[in-house]
Amino acid sequence: MESKTIILGGGLTGLSACYHSDAIVYEKNNNIGGHARSHIKNGFVFDEGIHVLHTKNEYVLNLLKDLKVDLEVRERSAWIFSHGSMTRFPFQANTFGLPANIIKDCLLGFIENEFTDRKKITNYKEWNYYMFGKGFADHFMLPYCKKFWGVDAEKLTTDWVNVRHPRPSLKEVITGALEDQTKGFGVNAFYRYPKRKGFGYIAESIAKKCKDRIYTNMEASNINLNKKEVEFNKDIVVSYNKLLSTLPLPELIKIIPDAPEDVRNAVSKLKNNSIFVVNIAINRENISDKNWIYYLGKEYTFIRLIFPSNTSEHSVPPGFSSISAEISYGHDNPLPTNKEKLADRIIKELIEINIINEKDEIVYLDTIDIKYGYVIFDKERKPAIQKIHNYLKSVDIIPCGRYGLWAYMWSDEAILSGKKAAEKITL
Ligand SMILES: Cc1cc2nc3c(=O)[nH]c(=O)nc-3n(C[C@H](O)[C@H](O)[C@H](O)COP(=O)(O)OP(=O)(O)OC[C@H]3O[C@@H](n4cnc5c(N)ncnc54)[C@H](O)[C@@H]3O)c2cc1C
(Lines give C-alpha, C1' and ligand atoms only; values in the text may rest on other atoms or scores of the structure.)
Protein backbone atom coordinates (compact mmCIF):
# COMPACT_ATOMS: atom_id res chain seq x y z
CA MET A 1 0.00 0.00 0.00
CA GLU A 2 1.28 3.44 -0.85
CA SER A 3 -0.07 6.86 -0.18
CA LYS A 4 1.06 10.44 -0.29
CA THR A 5 -0.76 12.40 2.38
CA ILE A 6 -1.71 10.54 5.51
CA ILE A 7 -4.08 11.55 8.28
CA LEU A 8 -3.72 9.60 11.50
CA GLY A 9 -7.03 9.17 13.33
CA GLY A 10 -10.61 9.11 12.06
CA GLY A 11 -12.29 11.29 14.68
CA LEU A 12 -14.03 14.53 13.71
CA THR A 13 -10.73 16.31 13.09
CA GLY A 14 -9.29 13.60 10.87
CA LEU A 15 -12.56 13.22 8.96
CA SER A 16 -12.84 16.95 8.45
CA ALA A 17 -9.21 17.08 7.22
CA CYS A 18 -10.05 14.25 4.83
CA TYR A 19 -13.19 16.01 3.59
CA HIS A 20 -11.24 19.20 2.99
CA SER A 21 -8.37 17.52 1.10
CA ASP A 22 -7.58 14.42 -0.92
CA ALA A 23 -5.64 12.79 1.92
CA ILE A 24 -6.24 9.33 3.37
CA VAL A 25 -7.38 8.58 6.91
CA TYR A 26 -6.02 5.67 8.93
CA GLU A 27 -8.07 4.87 12.03
CA LYS A 28 -7.15 2.26 14.63
CA ASN A 29 -10.71 1.30 15.57
CA ASN A 30 -13.14 -0.55 13.35
CA ASN A 31 -15.40 2.50 13.35
CA ILE A 32 -14.92 6.18 12.71
CA GLY A 33 -15.90 9.23 14.78
CA GLY A 34 -13.48 8.99 17.71
CA HIS A 35 -15.03 10.46 20.85
CA ALA A 36 -17.82 11.99 18.80
CA ARG A 37 -19.18 8.62 17.70
CA SER A 38 -22.36 6.98 18.93
CA HIS A 39 -22.83 3.45 20.19
CA ILE A 40 -26.05 2.00 18.80
CA LYS A 41 -27.52 -1.36 19.76
CA ASN A 42 -31.10 -2.67 19.73
CA GLY A 43 -32.50 0.82 19.19
CA PHE A 44 -30.53 2.39 22.07
CA VAL A 45 -28.23 5.24 21.14
CA PHE A 46 -25.46 6.34 23.48
CA ASP A 47 -22.77 8.94 22.83
CA GLU A 48 -19.38 8.92 24.55
CA GLY A 49 -20.53 11.07 27.46
CA ILE A 50 -22.75 14.04 26.78
CA HIS A 51 -22.43 15.38 23.25
CA VAL A 52 -24.51 18.31 22.06
CA LEU A 53 -23.67 20.84 19.39
CA HIS A 54 -23.77 24.44 20.47
CA THR A 55 -21.79 26.05 17.70
CA LYS A 56 -22.64 29.44 16.28
CA ASN A 57 -20.01 29.03 13.58
CA GLU A 58 -21.62 29.68 10.21
CA TYR A 59 -19.13 27.57 8.29
CA VAL A 60 -19.76 24.51 10.46
CA LEU A 61 -23.53 24.97 10.40
CA ASN A 62 -23.56 25.36 6.61
CA LEU A 63 -21.30 22.36 6.18
CA LEU A 64 -23.61 20.18 8.29
CA LYS A 65 -26.60 21.50 6.37
CA ASP A 66 -24.91 20.62 3.06
CA LEU A 67 -24.19 17.17 4.45
CA LYS A 68 -27.90 16.84 5.36
CA VAL A 69 -27.23 16.06 9.00
CA ASP A 70 -30.78 17.18 9.95
CA LEU A 71 -30.07 18.89 13.24
CA GLU A 72 -32.89 19.72 15.66
CA VAL A 73 -32.65 22.72 17.96
CA ARG A 74 -33.59 22.00 21.56
CA GLU A 75 -33.70 23.87 24.84
CA ARG A 76 -31.36 22.54 27.49
CA SER A 77 -32.57 21.49 30.91
CA ALA A 78 -29.42 21.26 33.06
CA TRP A 79 -29.42 21.00 36.84
CA ILE A 80 -27.06 20.71 39.80
CA PHE A 81 -27.52 18.57 42.90
CA SER A 82 -25.53 20.05 45.77
CA HIS A 83 -25.96 20.80 49.48
CA GLY A 84 -29.05 18.54 49.49
CA SER A 85 -30.88 20.62 46.85
CA MET A 86 -31.60 20.45 43.14
CA THR A 87 -30.98 23.80 41.47
CA ARG A 88 -30.76 24.97 37.91
CA PHE A 89 -27.45 25.27 36.08
CA PRO A 90 -25.39 27.42 36.31
CA PHE A 91 -24.92 27.58 40.07
CA GLN A 92 -23.88 31.25 40.03
CA ALA A 93 -27.24 32.33 38.60
CA ASN A 94 -29.53 29.92 40.42
CA THR A 95 -29.24 29.56 44.18
CA PHE A 96 -33.01 29.40 44.71
CA GLY A 97 -33.78 26.30 46.77
CA LEU A 98 -30.35 25.99 48.41
CA PRO A 99 -29.97 26.23 52.22
CA ALA A 100 -30.22 29.86 53.40
CA ASN A 101 -26.64 30.04 54.70
CA ILE A 102 -25.27 29.01 51.28
CA ILE A 103 -27.41 31.58 49.46
CA LYS A 104 -26.30 34.24 51.95
CA ASP A 105 -22.60 33.45 51.44
CA CYS A 106 -23.02 33.48 47.66
CA LEU A 107 -24.88 36.78 47.55
CA LEU A 108 -22.58 38.54 50.00
CA GLY A 109 -19.48 37.22 48.24
CA PHE A 110 -20.78 38.43 44.90
CA ILE A 111 -21.76 41.88 46.18
CA GLU A 112 -18.90 42.56 48.60
CA ASN A 113 -16.27 40.94 46.45
CA GLU A 114 -12.83 41.96 47.69
CA PHE A 115 -11.04 40.23 44.80
CA THR A 116 -11.29 43.13 42.41
CA ASP A 117 -7.83 43.41 40.93
CA ARG A 118 -7.75 41.46 37.65
CA LYS A 119 -3.97 41.91 37.41
CA LYS A 120 -3.41 39.93 40.62
CA ILE A 121 -5.07 36.80 39.26
CA THR A 122 -2.53 34.05 38.73
CA ASN A 123 -4.68 30.92 38.78
CA TYR A 124 -8.17 29.49 38.39
CA LYS A 125 -8.95 29.69 42.11
CA GLU A 126 -8.28 33.43 42.20
CA TRP A 127 -10.16 33.87 38.94
CA ASN A 128 -13.24 32.29 40.48
CA TYR A 129 -13.01 34.58 43.50
CA TYR A 130 -12.65 37.55 41.18
CA MET A 131 -15.53 36.58 38.88
CA PHE A 132 -18.09 35.23 41.34
CA GLY A 133 -16.92 36.02 44.87
CA LYS A 134 -15.94 33.72 47.70
CA GLY A 135 -19.37 32.19 48.36
CA PHE A 136 -19.96 30.84 44.86
CA ALA A 137 -16.33 29.76 44.59
CA ASP A 138 -16.13 27.92 47.91
CA HIS A 139 -19.58 26.32 47.76
CA PHE A 140 -19.44 25.16 44.17
CA MET A 141 -16.71 26.12 41.68
CA LEU A 142 -13.72 24.94 43.70
CA PRO A 143 -15.10 21.60 44.96
CA TYR A 144 -16.49 20.93 41.48
CA CYS A 145 -13.06 21.67 40.03
CA LYS A 146 -11.48 19.09 42.31
CA LYS A 147 -14.09 16.46 41.51
CA PHE A 148 -13.87 17.04 37.75
CA TRP A 149 -10.21 17.86 37.10
CA GLY A 150 -8.72 15.92 39.98
CA VAL A 151 -6.44 18.83 40.85
CA ASP A 152 -6.78 21.90 43.07
CA ALA A 153 -7.96 25.08 41.39
CA GLU A 154 -4.69 26.86 42.34
CA LYS A 155 -2.89 24.52 39.94
CA LEU A 156 -5.01 25.54 36.92
CA THR A 157 -4.44 28.49 34.63
CA THR A 158 -7.22 30.66 33.26
CA ASP A 159 -6.55 30.50 29.53
CA TRP A 160 -9.37 27.99 28.97
CA VAL A 161 -12.19 29.58 30.97
CA ASN A 162 -13.71 32.07 28.46
CA VAL A 163 -17.34 31.23 27.56
CA ARG A 164 -17.39 28.19 29.81
CA HIS A 165 -18.30 30.22 32.89
CA PRO A 166 -21.15 32.67 32.22
CA ARG A 167 -21.09 35.59 34.67
CA PRO A 168 -24.60 36.69 35.59
CA SER A 169 -25.43 40.31 36.39
CA LEU A 170 -26.22 41.28 39.98
CA LYS A 171 -29.90 41.45 39.02
CA GLU A 172 -29.76 37.88 37.68
CA VAL A 173 -27.92 36.65 40.78
CA ILE A 174 -30.57 38.18 43.04
CA THR A 175 -33.47 37.02 40.88
CA GLY A 176 -32.00 33.52 40.84
CA ALA A 177 -31.79 33.55 44.63
CA LEU A 178 -35.38 34.65 45.14
CA GLU A 179 -37.17 32.59 42.51
CA ASP A 180 -36.86 29.74 40.06
CA GLN A 181 -35.13 31.56 37.22
CA THR A 182 -35.87 29.76 33.97
CA LYS A 183 -33.71 31.98 31.78
CA GLY A 184 -30.98 29.95 30.06
CA PHE A 185 -27.31 30.82 30.59
CA GLY A 186 -24.18 29.65 28.82
CA VAL A 187 -23.27 28.51 25.33
CA ASN A 188 -25.51 25.47 25.24
CA ALA A 189 -28.74 26.96 26.66
CA PHE A 190 -30.03 25.88 23.25
CA TYR A 191 -28.27 23.08 21.47
CA ARG A 192 -28.45 21.16 18.22
CA TYR A 193 -28.56 17.40 17.96
CA PRO A 194 -29.03 15.08 14.97
CA LYS A 195 -32.62 13.95 14.64
CA ARG A 196 -31.57 10.32 14.35
CA LYS A 197 -28.57 8.05 14.96
CA GLY A 198 -27.07 10.13 17.75
CA PHE A 199 -24.29 12.69 17.76
CA GLY A 200 -22.17 10.23 15.80
CA TYR A 201 -24.29 10.93 12.75
CA ILE A 202 -22.26 14.12 12.26
CA ALA A 203 -19.03 12.14 11.87
CA GLU A 204 -20.81 9.53 9.73
CA SER A 205 -22.12 12.21 7.41
CA ILE A 206 -18.64 13.66 6.88
CA ALA A 207 -17.18 10.19 6.42
CA LYS A 208 -19.79 9.30 3.78
CA LYS A 209 -18.32 11.96 1.54
CA CYS A 210 -14.84 10.46 1.66
CA LYS A 211 -15.42 6.83 2.35
CA ASP A 212 -13.04 5.40 -0.22
CA ARG A 213 -10.26 7.32 1.55
CA ILE A 214 -10.81 5.95 5.05
CA TYR A 215 -9.08 2.82 6.30
CA THR A 216 -10.20 1.42 9.65
CA ASN A 217 -8.52 -1.19 11.87
CA MET A 218 -5.22 0.50 11.06
CA GLU A 219 -3.31 1.44 14.18
CA ALA A 220 -0.21 3.53 13.59
CA SER A 221 2.51 1.64 15.44
CA ASN A 222 5.70 3.32 14.28
CA ILE A 223 6.81 6.39 12.36
CA ASN A 224 10.10 6.27 10.52
CA LEU A 225 11.00 9.90 9.98
CA ASN A 226 13.98 9.26 7.71
CA LYS A 227 12.12 7.02 5.33
CA LYS A 228 8.87 8.97 5.72
CA GLU A 229 6.95 5.82 6.49
CA VAL A 230 4.21 4.91 8.91
CA GLU A 231 3.88 1.35 10.05
CA PHE A 232 0.38 0.13 10.91
CA ASN A 233 -0.54 -2.80 13.13
CA LYS A 234 3.20 -3.54 13.43
CA ASP A 235 2.93 -4.92 9.93
CA ILE A 236 1.84 -2.75 7.00
CA VAL A 237 4.16 0.07 5.96
CA VAL A 238 2.88 3.10 4.08
CA SER A 239 5.08 5.88 2.81
CA TYR A 240 3.96 9.46 3.07
CA ASN A 241 4.73 12.76 1.61
CA LYS A 242 2.89 14.78 4.24
CA LEU A 243 1.71 13.59 7.63
CA LEU A 244 -1.09 15.00 9.70
CA SER A 245 -1.83 13.59 13.16
CA THR A 246 -4.89 13.84 15.39
CA LEU A 247 -3.44 11.34 17.87
CA PRO A 248 -3.07 12.39 21.48
CA LEU A 249 0.44 13.88 21.73
CA PRO A 250 1.66 11.21 24.21
CA GLU A 251 0.52 8.45 21.80
CA LEU A 252 2.13 10.17 18.82
CA ILE A 253 5.51 10.72 20.45
CA LYS A 254 5.46 7.13 21.72
CA ILE A 255 5.52 5.81 18.13
CA ILE A 256 8.38 8.07 16.99
CA PRO A 257 11.52 6.25 18.15
CA ASP A 258 13.68 9.21 17.06
CA ALA A 259 11.93 11.70 19.33
CA PRO A 260 14.59 13.30 21.56
CA GLU A 261 14.67 13.06 25.32
CA ASP A 262 13.61 16.68 25.97
CA VAL A 263 10.48 16.12 23.86
CA ARG A 264 9.67 12.96 25.83
CA ASN A 265 10.16 14.95 29.03
CA ALA A 266 7.77 17.57 27.75
CA VAL A 267 5.19 14.84 27.07
CA SER A 268 5.50 13.65 30.66
CA LYS A 269 4.33 17.12 31.77
CA LEU A 270 1.02 16.92 29.88
CA LYS A 271 -1.98 16.18 32.04
CA ASN A 272 -5.57 15.23 31.36
CA ASN A 273 -8.44 13.71 33.26
CA SER A 274 -10.15 10.50 32.19
CA ILE A 275 -13.86 9.86 31.95
CA PHE A 276 -15.48 6.52 32.66
CA VAL A 277 -19.00 6.31 31.29
CA VAL A 278 -21.63 3.83 32.44
CA ASN A 279 -24.52 3.58 29.97
CA ILE A 280 -27.77 2.10 31.20
CA ALA A 281 -31.24 1.71 29.73
CA ILE A 282 -34.34 0.57 31.60
CA ASN A 283 -37.85 -0.56 30.68
CA ARG A 284 -39.65 2.52 32.01
CA GLU A 285 -40.28 5.74 30.15
CA ASN A 286 -39.78 9.34 31.30
CA ILE A 287 -37.55 8.61 34.28
CA SER A 288 -36.49 12.25 34.21
CA ASP A 289 -37.51 15.49 32.50
CA LYS A 290 -33.93 16.79 32.53
CA ASN A 291 -31.03 16.63 30.06
CA TRP A 292 -28.36 16.29 32.70
CA ILE A 293 -27.62 16.81 36.40
CA TYR A 294 -24.23 17.59 37.96
CA TYR A 295 -23.54 15.96 41.33
CA LEU A 296 -21.15 17.90 43.54
CA GLY A 297 -20.97 15.62 46.57
CA LYS A 298 -18.11 13.16 46.96
CA GLU A 299 -20.61 10.52 48.07
CA TYR A 300 -21.73 10.25 44.44
CA THR A 301 -19.23 8.45 42.26
CA PHE A 302 -20.48 10.27 39.16
CA ILE A 303 -19.91 13.92 38.38
CA ARG A 304 -22.86 14.04 36.02
CA LEU A 305 -25.91 12.01 35.05
CA ILE A 306 -27.17 12.44 31.51
CA PHE A 307 -30.50 11.27 30.16
CA PRO A 308 -29.92 10.54 26.45
CA SER A 309 -33.60 9.68 26.08
CA ASN A 310 -34.24 13.39 26.69
CA THR A 311 -31.48 14.63 24.39
CA SER A 312 -33.43 13.01 21.58
CA GLU A 313 -36.51 10.79 21.85
CA HIS A 314 -35.00 8.65 19.09
CA SER A 315 -32.24 7.57 21.49
CA VAL A 316 -34.44 4.81 22.93
CA PRO A 317 -37.30 2.64 21.65
CA PRO A 318 -40.75 3.77 22.91
CA GLY A 319 -41.39 2.86 26.54
CA PHE A 320 -37.73 2.96 27.63
CA SER A 321 -35.36 5.48 29.25
CA SER A 322 -31.61 5.79 29.28
CA ILE A 323 -28.94 7.15 31.61
CA SER A 324 -25.25 7.88 31.11
CA ALA A 325 -23.23 8.30 34.28
CA GLU A 326 -19.95 10.19 33.78
CA ILE A 327 -17.21 9.50 36.30
CA SER A 328 -14.16 11.72 36.20
CA TYR A 329 -10.91 10.20 37.38
CA GLY A 330 -7.14 10.69 37.45
CA HIS A 331 -4.59 12.62 39.58
CA ASP A 332 -6.13 13.25 43.03
CA ASN A 333 -9.34 11.49 41.93
CA PRO A 334 -8.78 7.76 42.11
CA LEU A 335 -11.67 5.52 41.08
CA PRO A 336 -13.49 4.26 44.19
CA THR A 337 -13.41 0.68 42.96
CA ASN A 338 -11.95 -1.24 40.07
CA LYS A 339 -13.42 -0.67 36.61
CA GLU A 340 -15.18 -4.06 36.47
CA LYS A 341 -17.20 -3.17 39.57
CA LEU A 342 -18.04 0.41 38.65
CA ALA A 343 -21.25 -0.32 36.74
CA ASP A 344 -22.72 -2.21 39.72
CA ARG A 345 -21.75 0.59 42.04
CA ILE A 346 -23.41 3.18 39.80
CA ILE A 347 -26.63 1.15 39.59
CA LYS A 348 -26.68 0.91 43.40
CA GLU A 349 -26.22 4.68 43.71
CA LEU A 350 -28.95 5.31 41.12
CA ILE A 351 -31.33 3.18 43.18
CA GLU A 352 -30.32 5.05 46.36
CA ILE A 353 -31.21 8.39 44.78
CA ASN A 354 -34.44 7.01 43.24
CA ILE A 355 -33.44 7.54 39.63
CA ILE A 356 -34.08 3.88 39.00
CA ASN A 357 -35.89 1.45 41.27
CA GLU A 358 -35.44 -2.19 42.19
CA LYS A 359 -38.30 -3.25 39.91
CA ASP A 360 -36.84 -1.64 36.78
CA GLU A 361 -35.34 -4.06 34.33
CA ILE A 362 -31.94 -3.07 33.02
CA VAL A 363 -32.12 -3.79 29.33
CA TYR A 364 -28.81 -2.23 28.29
CA LEU A 365 -25.57 -1.92 30.22
CA ASP A 366 -22.23 -0.92 28.81
CA THR A 367 -19.17 1.04 29.84
CA ILE A 368 -16.77 3.28 27.93
CA ASP A 369 -13.39 4.20 29.35
CA ILE A 370 -12.16 7.49 27.88
CA LYS A 371 -8.46 7.59 28.72
CA TYR A 372 -7.93 11.05 27.25
CA GLY A 373 -10.93 12.98 28.54
CA TYR A 374 -10.29 16.69 29.08
CA VAL A 375 -6.91 18.38 28.80
CA ILE A 376 -5.75 19.95 32.05
CA PHE A 377 -4.59 23.54 31.70
CA ASP A 378 -1.85 23.93 34.27
CA LYS A 379 1.33 26.00 34.15
CA GLU A 380 3.32 23.20 32.56
CA ARG A 381 0.98 22.78 29.58
CA LYS A 382 2.03 25.74 27.43
CA PRO A 383 5.83 25.29 27.52
CA ALA A 384 5.46 21.53 27.11
CA ILE A 385 3.23 21.93 24.06
CA GLN A 386 5.54 24.50 22.57
CA LYS A 387 8.46 22.11 22.85
CA ILE A 388 6.51 19.19 21.35
CA HIS A 389 4.95 21.25 18.56
CA ASN A 390 8.29 22.81 17.62
CA TYR A 391 9.74 19.35 17.34
CA LEU A 392 6.82 18.07 15.24
CA LYS A 393 7.22 21.05 12.95
CA SER A 394 10.92 20.28 12.53
CA VAL A 395 10.07 16.73 11.42
CA ASP A 396 7.20 17.80 9.18
CA ILE A 397 4.29 16.39 11.16
CA ILE A 398 1.19 18.54 11.48
CA PRO A 399 -0.66 17.99 14.77
CA CYS A 400 -4.33 18.97 14.97
CA GLY A 401 -7.55 18.33 16.85
CA ARG A 402 -8.38 18.19 20.52
CA TYR A 403 -5.49 15.95 21.50
CA GLY A 404 -3.00 16.97 18.82
CA LEU A 405 -3.26 20.59 19.90
CA TRP A 406 -3.82 19.41 23.47
CA ALA A 407 -6.68 21.84 24.05
CA TYR A 408 -10.22 22.09 25.40
CA MET A 409 -11.82 21.73 22.00
CA TRP A 410 -15.48 21.16 21.20
CA SER A 411 -16.68 19.21 18.18
CA ASP A 412 -17.16 22.26 15.97
CA GLU A 413 -13.62 23.38 16.80
CA ALA A 414 -12.37 19.89 15.91
CA ILE A 415 -14.06 20.19 12.51
CA LEU A 416 -12.43 23.58 12.00
CA SER A 417 -9.07 22.30 13.19
CA GLY A 418 -9.23 19.51 10.59
CA LYS A 419 -10.08 22.04 7.91
CA LYS A 420 -7.18 24.28 8.90
CA ALA A 421 -4.75 21.36 8.88
CA ALA A 422 -6.07 20.28 5.47
CA GLU A 423 -5.34 23.74 4.15
CA LYS A 424 -1.74 23.30 5.30
CA ILE A 425 -1.33 19.99 3.49
CA THR A 426 -3.01 21.12 0.31
CA LEU A 427 -0.80 24.20 -0.02
C1 LIG B 1 -16.61 13.14 27.53
C2 LIG B 1 -16.62 14.14 26.42
C3 LIG B 1 -17.73 14.95 26.21
C4 LIG B 1 -17.75 15.88 25.16
N5 LIG B 1 -18.87 16.65 24.96
C6 LIG B 1 -18.94 17.48 23.90
C7 LIG B 1 -20.13 18.23 23.63
O8 LIG B 1 -21.13 18.14 24.34
N9 LIG B 1 -20.14 19.06 22.55
C10 LIG B 1 -19.06 19.19 21.72
O11 LIG B 1 -19.16 19.93 20.74
N12 LIG B 1 -17.93 18.50 21.96
C13 LIG B 1 -17.84 17.66 23.02
N14 LIG B 1 -16.68 16.94 23.27
C15 LIG B 1 -15.51 17.19 22.41
C16 LIG B 1 -15.49 16.36 21.13
O17 LIG B 1 -15.77 15.02 21.39
C18 LIG B 1 -14.09 16.49 20.55
O19 LIG B 1 -13.76 17.84 20.33
C20 LIG B 1 -13.88 15.76 19.25
O21 LIG B 1 -14.48 14.49 19.27
C22 LIG B 1 -12.39 15.65 19.01
O23 LIG B 1 -12.15 14.97 17.83
P24 LIG B 1 -10.67 14.59 17.43
O25 LIG B 1 -10.77 13.97 16.08
O26 LIG B 1 -9.78 15.77 17.58
O27 LIG B 1 -10.18 13.52 18.50
P28 LIG B 1 -10.68 12.02 18.71
O29 LIG B 1 -12.14 11.94 18.71
O30 LIG B 1 -9.97 11.51 19.92
O31 LIG B 1 -10.12 11.27 17.43
C32 LIG B 1 -8.82 10.76 17.36
C33 LIG B 1 -8.89 9.44 16.63
O34 LIG B 1 -7.58 8.88 16.54
C35 LIG B 1 -7.68 7.49 16.67
N36 LIG B 1 -6.36 6.95 17.05
C37 LIG B 1 -5.76 7.02 18.26
N38 LIG B 1 -4.55 6.40 18.20
C39 LIG B 1 -4.40 5.96 16.93
C40 LIG B 1 -3.36 5.27 16.25
N41 LIG B 1 -2.23 4.90 16.87
N42 LIG B 1 -3.52 4.99 14.93
C43 LIG B 1 -4.65 5.35 14.25
N44 LIG B 1 -5.68 5.99 14.88
C45 LIG B 1 -5.54 6.31 16.18
C46 LIG B 1 -8.74 7.31 17.74
O47 LIG B 1 -9.29 6.01 17.72
C48 LIG B 1 -9.74 8.40 17.34
O49 LIG B 1 -10.73 7.89 16.46
C50 LIG B 1 -16.62 16.02 24.33
C51 LIG B 1 -15.50 15.22 24.53
C52 LIG B 1 -15.48 14.28 25.56
C53 LIG B 1 -14.27 13.43 25.76
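Here is a short walk through the structure, one selection at a time.

Before you click on anything, note that this is a predicted model, where local features need pLDDT of at least 70, side-chain atom pairs count only at pLDDT 80 or more, and totals for chains, interfaces and linings use all residues. Residues are numbered from 1 along each chain as its sequence is written, and side-chain values use heavy atoms, with hydrogens and water left out.

**Stop one: the ligand**

Select the ligand and bring up the residues near it (one heavy atom within 4 Å counts). You should get 30 residues around it, with Thr 13, Glu 27, Ile 50, His 51 and Ser 411 coming nearest. Colour that shell by type and you'll find 13 nonpolar, 12 polar and 5 charged residues. Here Ala, Val, Leu, Ile, Met, Phe, Trp, Tyr, Cys and Pro count as nonpolar, Asp, Glu, Lys and Arg as charged, and the others, Gly among them, as polar.

Now turn on the polar contacts (pairs of N or O atoms within 3.5 Å). Pick Ser 411: one of its polar side-chain atoms is 2.6 Å from a ligand oxygen. At Met 409 look at the backbone instead, where an N or O atom lies 2.7 Å from an oxygen atom of the ligand. Lys 28 also uses a backbone N or O atom, 3.2 Å from a ligand nitrogen. On its own the ligand exposes 1,000 Å², and the protein buries 95% of that (Shrake-Rupley areas, 1.4 Å probe).

Next, show helices 1 (12-19), 12 (401-404) and 13 (411-425), each of which gives the shell at least two residues. Helix 12 has the largest share, 3 residues. Helices here are DSSP runs of H or I, at least four residues, and strands are E runs of at least two, numbered from the N terminus.

**Stop two: a helix pair**

Select 261-269 (helix 8) and 381-394 (helix 11): they pack at about 140°, axes 8 Å apart. That angle makes helix 8 oblique to helix 11, since oblique covers whatever is not under 35 degrees, over 145, or 65 to 115. Axes are lines fitted to C-alpha atoms over the stretch in contact, with angles from 0 to 180 degrees between N-to-C directions.

**Stop three: two loops**

Which bond joins Phe 89 and Pro 90? A cis peptide bond, with omega about 0°. Pro 90 sits in the loop between strand 7 (85-88) and helix 3 (100-111).

Finish at Asn 42, in the loop between strand 3 (38-41) and strand 4 (44-47). Its phi is near 50°, a positive value in a residue other than glycine.

Technical notes:
Polar contact = N/O pair within 3.5 Å; in protein donor to acceptor, adjacent residues only side chain to side chain.
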